[in-house]
Amino acid sequence: MSHAPYPPPDRTPPPHPASPPYRTPPPPRYAASPPYRTPPPPPPQPPHLTYPWQPVPAPPSPAPAPRRQAQHAPLGHHSDLRVLRTAYRWQRRVATLTALGYFLVFLVLSACAPSVMTARVADGLPAGLLLALVQLPVTLLAIAVYELTARRHVDPLARRIRHQAEVDARREARR
């Protein structure tokens with residue numbers, strides 16, 4: 001006699017019996033106790049204040065009247081901010097890659113070409129020491145390039161956007 005672990009596909013499983021509706025049981029009554037009564041609701045309380053000297057908050061004010069549409073489009077556009085971010089990003093990349101690039105070249109030469117680093121450039125001065133000493137002027141050059149590009153490209157853009165924001169603020173104040 002074989003027994004199939006699953007019912008045949010043409011038979012549907014029997015339905016589950018319906019559960020009875022949920023009812024709250026009545027409170028227990030004891031012969032010696034008075035009839036059960038619900039306590040009266042508590043009186044309304046003022047809002048809880050953190051400090052006693054705080055004023056009671058005022059009810060919310062009605063919604064303000066809708067503002068009319070601006071006659072002129074605001075001068076500061078998202079594209080201006082995008083241009084400023086791009087200029088600042090290029091400025092950071094150039095300065096960072098100048099300083100870190102030189103340091104990376106120094107490390108690669110130290111690890112992969114020790115004969116270059118130990119070669120004598122002058123009497124008693126190995127090339128590795130000379131390259132290490134040149135690292136400080138290269139870092140100072142990166143700072144100078146950063147300042148120069150900031151004055152030439154980024155600062156004028158920031159000034160223009162700031163001026164446009166002030167003009168927009170004055171325009172809004174007049175309305």
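In what order do the elements of the protein chain run from the N terminus on? They run α-α-β-β-α, and the legends below take a stroll through this predicted model.

**View 1. The whole chain, with three helices and two strands.** Before we zoom in, here is the overall setting. The protein chain has 175 residues, of which 11% count as buried. Looking at contacts between residues at least 6 apart in sequence, 66% join residues at least 24 apart. As for aromatic pairs, the count comes to zero.

**View 2. Helix 3, residues 127–174, and its kink.** This helix has 48 residues, and at 1.5 Å a residue they should span 70 Å. The C-alpha atoms at its ends are 68 Å apart, so the span in the model agrees with the expected one. Please do look for the kink of about 45 degrees, which is centred on Ala-150. Ala-150 is also one of the buried residues of helix 3. Others in that buried set include Val-138, Ala-142, Val-154, Leu-157, Ala-158 and Ile-161. Gln-164 and Asp-168 are buried there too.

**View 3. Gln-91 of helix 1 and its partners.** Helix 1 covers residues 78–112, and Gln-91 lies within it. Is Gln-91 buried or exposed? With a relative accessible area of 4%, Gln-91 falls under the 20% cut-off and therefore counts as buried. A polar atom of the Gln-91 side chain lies 2.8 Å from the backbone oxygen of Tyr-146. Leaving out residues up to four places away in sequence, Gln-91 touches Tyr-146, Thr-149, Ala-150 and Val-154. Two names here return from the previous view: Ala-150, where the kink in helix 3 is centred, and Val-154, which is buried in helix 3.

**View 4. Arg-93 over the face of Trp-90.** This is a quick stop for a charge and a ring. Arg-93 lies at 5.7 Å from the ring centre of Trp-90.

**View 5. Thr-139 and Ala-144, two partly exposed residues of helix 3.** Thr-139 lies in helix 3 and has a relative accessible area of 32%. That value sits between 20% and 50%, so Thr-139 is partly exposed. The side chain of Thr-139 reaches the backbone oxygen of Gln-135 at 3.0 Å. Across the view, the C-alpha atoms of Thr-139 and Tyr-102 are separated by 8.7 Å, although these two residues are 37 residues apart along the chain. Ala-144 lies in helix 3 as well, and its 42% relative accessibility makes it partly exposed. The C-alpha atom of Ala-144 is separated by 8.7 Å from that of Ala-95, with their positions 49 residues apart along the chain.

**View 6. Met-117 of helix 2 and its surroundings.** Helix 2 comprises residues 114–118, and Met-117 is found in it. Met-117 has a relative accessible area of 9%, which is under 20%, so this residue counts as buried. Which residues is Met-117 in contact with, leaving aside its neighbours within four places in sequence? They are Phe-106, Leu-109, Ser-110, Pro-126, Ala-127, Gly-128 and Leu-131. For Ala-127, 10 residues from Met-117 along the chain, the C-alpha separation is 5.0 Å. Both Ala-127 and Gly-128 are buried in helix 3.

Note on methods. Residues numbered from 1 in each chain as written. Predicted model: local features only at pLDDT ≥ 70, side-chain atom pairs only at ≥ 80, totals over all residues. Heavy atoms only, no water. Helix = DSSP H or I, 4+ residues; strand = E, 2+ residues; numbered from the N terminus. Buried < 20%, exposed > 50% of the residue type's maximum accessible area, 1.4 Å probe, protein only. Polar contact = N/O pair within 3.5 Å; in protein donor to acceptor, adjacent residues only side chain to side chain. Contact = heavy atoms within 4.5 Å. Expected span 1.5 Å × (residues − 1). Bend = angle between axes of the 7 residues up to and from the residue. Phe/Tyr/Trp six-rings, centres within 6.5 Å; stacked < 30°, edge-to-face > 60°. Lys NZ or Arg CZ within 6 Å of the ring centre and 35° of its normal.
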